[in-house]
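The exercises below concern a single protein chain. Each task is followed by a solution in steps.

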Amino acid sequence: MIKVCGSCHSTWAGGRFCEDCGAPLTDPFADEARSLPSTMWRYIRLQYGARRGMLVRVMAILLGPIAAGLTLRAAVARERPWSIVLAIAAAPIGIATWWAIHWMAGRAVRIWVLRKGQLNKRRLARAMARRALR
Ligand SMILES: [Zn+2]
């Protein structure tokens, strides 16, 4: 859950008070947050977009072995030499499935979230540095 500071416009991953200025944090989906400047909204959208990309990547990790398993099962039902060919292909197919989804998730975040949100790179770098230092 992302929380935002109403007075200095920092974003925080939860918590009740801003660690920068001490003001109480607000929920970006609460009514009082409607008055936040649009740059705040862009940043919030970026955060949630990146998280969505991460979820898709977790899905890729799960779907890769499933694709490999399905290929193996198909291999068992075939006659030789196709059973052997499919069995050998199962691992690369699983890896290719994982990689394709993983790659697409990265592209999707970059295109849809970053471009639409008109990311402020300096602000993001500052936020990441602050997080890394803690
Ligand atoms: Zn603050």
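Conventions come first, then five exercises with worked solutions.

The model is predicted: local features need a pLDDT of at least 70, side-chain atom pairs count only at pLDDT 80 or more, and totals for chains, interfaces and linings use all residues. Residues are numbered from 1 along each chain as its sequence is written.

**Exercise 1. Determine which elements the protein chain has and the pattern they follow along the sequence.**

Step 1. Apply the element criteria: helices (H or I, at least four residues) and strands (E, at least two) are DSSP runs, numbered from the N terminus.
Step 2. The protein chain has three helices and three strands.
Step 3. Along the sequence, these elements follow the pattern β-β-β-α-α-α.
Step 4. For confidence, use pLDDT, the predictor's confidence in each residue, from 0 to 100. The protein chain averages 81, and 85% of the residues score at least 70. Among the elements, α1 has the highest mean pLDDT (85) and α3 the lowest (71).

**Exercise 2. Derive the strand order of the sheet and identify the strands at its edges.**

Step 1. Two strands pair if DSSP finds at least two bridges between them.
Step 2. Strand β1 (residues 2-5) is joined to β3 by two bridges, and these strands run antiparallel. In β3, L25 stands opposite C5, and T26 is the bridge partner of V4.
Step 3. Three bridges join β1 to β2, again antiparallel; among the residues involved, K3 has W12 of β2 as its bridge partner.
Step 4. The result is an open, antiparallel sheet in the order β2-β1-β3. Because β2 (11-13) and β3 (25-26) each have a single partner strand, they stand at the edges, and one side of each is left without a neighbour in the sheet.

**Exercise 3. Locate the residue with a positive phi in the β1-β2 hairpin, and the cis peptide bond that ends at P81.**

Step 1. Recall the reference case: most residues other than glycine have a negative phi, and most peptide bonds are trans.
Step 2. The hairpin of β1 and β2 has five residues between the strands, and H9 in the turn has a positive phi of about 65 degrees.
Step 3. The peptide bond from R80 to P81 is cis, with omega near 5 degrees. P81 is found in the loop between α1 (38-77) and α2 (82-117).

**Exercise 4. Compare the span of α1 with its expected value, and list the buried residues in this helix.**

Step 1. The expected span of a helix is 1.5 Å times one less than its number of residues.
Step 2. For the 40 residues of α1 the expected span is therefore 58 Å, and the end C-alpha atoms are 58 Å apart, which agrees.
Step 3. A residue is buried if 20 or more other C-beta atoms lie within 10 Å of its own, exposed if 12 or fewer, and partly exposed in between, with C-beta atoms placed from the backbone.
Step 4. In α1, Y43, L46, G64 and A68 are buried. Buried residues make up 10% of the 134 residues in the protein chain.

**Exercise 5. Classify M104 and A127 by burial, and state the C-alpha separations of M104 from V56 and of A127 from T11.**

Step 1. M104 lies in helix α2. This residue is partly exposed because 14 other C-beta atoms lie within 10 Å.
Step 2. The C-alpha atoms of M104 and V56 are separated by 9.0 Å, although the residues are 48 apart along the chain.
Step 3. A127 belongs to helix α3 (residues 121-133) and counts as partly exposed, with 17 C-beta neighbours inside 10 Å.
Step 4. A127 and T11 are 116 residues apart in sequence and 8.4 Å apart, C-alpha to C-alpha.
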